[in-house]
Amino acid sequence: MYPLASNARDGVIMVTTTADKHDRATTRNTIQRALVLEAVRTLRDHPTSADVYEAVREHHPSISRATVYRNLGVLASRGEVTRVEVPNGADRYDFRTTPHCHALCRTCGGVFDIEMPQVDMASQVTDAHGFFIERCEIVFEGVCAQCRSRDDAQPRKGAREPRPRGCIRNDQAL
């Protein structure tokens with residue numbers, strides 16, 4: 001911990017450390033954080049950080065993009081929203097924090113909740129390398145019903161192509 005500032009006031013020297021400042025930033029509830037959380041809950045469609053920023057800015061034009069992005073990170077780290085990582089695309093945010101799976105449409109880039117029985121796979125995995133599994137995230141990739149109904153399952157311009165994450169090819173050793 002390194003001091004950020006030292007102020008002499010009434011003969012008392014006050015020192016603020018970076019850890020103290022970080023702890024306060026991540027635990028203190030602010031109006032801006034409440035606005036960001038409300039935007040994620042209101043949008044309900046797995047918005048990107050840019051979507052959340054636009055929604056908040058619509059009613060509070062003085063809020064900065066950095067404030068919204070920082071608060072999304074804090075909310076995700078505190079477990080108040082879920083960050084859904086999208087390969088080759090912007091992360092999405094989900095107001096639903098209970099364990100569930102997601103599906104990613106390779107055509108439109110939409111992210112959808114998948115309802116299925118939850119299995120605690122992390123506790124059932126045995127790893128020969130002594131790796132302790134802490135969590136597991138499942139993201140299915142395919143084409144959503146709306147895109148399939150258009151009879152053109154070809155990716156639109158600007159749509160994200162799926163990229164395998166964490167996959168091991170058959171020719172790679174563990």
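Is His59 buried or exposed? His59 counts as exposed, because its relative accessibility is 60%, above the 50% cut-off for that class. The residue belongs to helix 3. Its C-alpha atom is separated by 9.6 Å from that of Leu35, and the two residues are 24 apart along the chain. The model described here is predicted.

## Overall architecture

The protein chain contains six helices and seven strands. Along the sequence these elements follow the order β-β-α-α-α-α-β-β-β-β-α-β-α.

The chain has 174 residues, of which 25% count as buried. Taking contacts between residues at least 6 apart in sequence, 49% of them join residues at least 24 apart.

## Helix 3 against helix 4

Helix 3 spans residues 49-59 and helix 4 spans residues 65-77. Their axes come within 9 Å and cross at roughly 125°. Helix 3 is therefore oblique to helix 4, since the angle falls outside the ranges for roughly parallel, roughly antiparallel and roughly perpendicular pairs. The crossing of helix 3 with helix 4 is right-handed.

On the helix 3 side, the contact is made by Ser49, Ala50, Val52, Tyr53 and Glu54. Helix 4 contributes Arg65, Val68, Tyr69 and Leu72. By class, the residues of this contact are six nonpolar, one polar and two charged.

## Helix 2 against helix 4

Helix 4 also packs with helix 2, which covers residues 31-43. Here the axes are 9 Å apart and the angle is about 75°. Helix 2 is thus roughly perpendicular to helix 4, because an angle of 65 to 115 degrees falls in that class.

From helix 2, the residues involved are Gln32, Arg33, Val36, Leu37 and Val40. They meet Thr67, Val68, Asn71, Leu72, Val74 and Leu75 of helix 4. This contact has seven nonpolar residues, three polar and one charged. Val68 and Leu72 of helix 4 are listed both in the contact with helix 3 and in the contact with helix 2.

## The nonpolar core

In soluble globular proteins, nonpolar side chains tend to be buried together. The largest nonpolar core in this model has 14 residues. Val36, Val40, Val52, Val56, Val68, Leu72 and Val81 are the members that touch the most other members. Helix 2, helix 3 and helix 4 each supply at least two residues of this core.

Which residues does Leu72 contact, leaving aside its neighbours within four places in sequence? They are Val36, Val40, Ser49, Val52, Val81 and Tyr93. Of these, Val36 and Val40 also belong to the helix 2 side of the contact with helix 4, while Ser49 and Val52 belong to the helix 3 side of its contact with helix 4.

## The loop between helix 2 and helix 3

Arg44 is found in the loop between helix 2 and helix 3, as is His46. Most residues other than glycine have a negative phi. Phi of Arg44, however, is positive, near 55°, and phi of His46 is also positive, near 55°. The two residues fall in separate burial classes: Arg44 is exposed, with a relative accessible area of 54%, whereas His46 is buried, with a relative accessible area of 5%.

Thr48 lies in this loop as well. Thr48 counts as buried because its relative accessibility is 12%, under the 20% limit. Leaving aside neighbours within four places in sequence, Thr48 is in contact with Ala90, Asp91, Arg92 and Tyr93.

## Strand 3 and Thr82

What does Thr82 touch, not counting residues up to four places away in sequence? Its partners are Arg92, Tyr93, Asp94, Arg96 and Thr97. The C-alpha atoms of Thr82 and Asp94 are separated by 4.9 Å, with the two residues twelve apart along the chain.

Thr82 is found in strand 3, which covers residues 82-84. At 24% relative accessibility, Thr82 counts as partly exposed. Tyr93 is a contact of Thr82, and is also listed among the contacts of Leu72 and of Thr48. Arg92 is likewise in contact with Thr82 and with Thr48.

Notes:
Residues numbered from 1 in each chain as written. Predicted model: local features only at pLDDT ≥ 70, side-chain atom pairs only at ≥ 80, totals over all residues. Heavy atoms only, no water. Axes fitted to C-alpha atoms, helices over the stretch in contact; angles between N-to-C directions. Helix = DSSP H or I, 4+ residues; strand = E, 2+ residues; numbered from the N terminus. Parallel < 35°, antiparallel > 145°, perpendicular 65-115°, else oblique. Left-handed = near helix turned anticlockwise from the far one by under 90°. Contact = heavy atoms within 4.5 Å. Nonpolar A, V, L, I, M, F, W, Y, C, P; charged D, E, K, R; others polar. Core = buried A, V, L, I, M, F, W, Y, C linked by side-chain atoms within 4.5 Å. Buried < 20%, exposed > 50% of the residue type's maximum accessible area, 1.4 Å probe, protein only.
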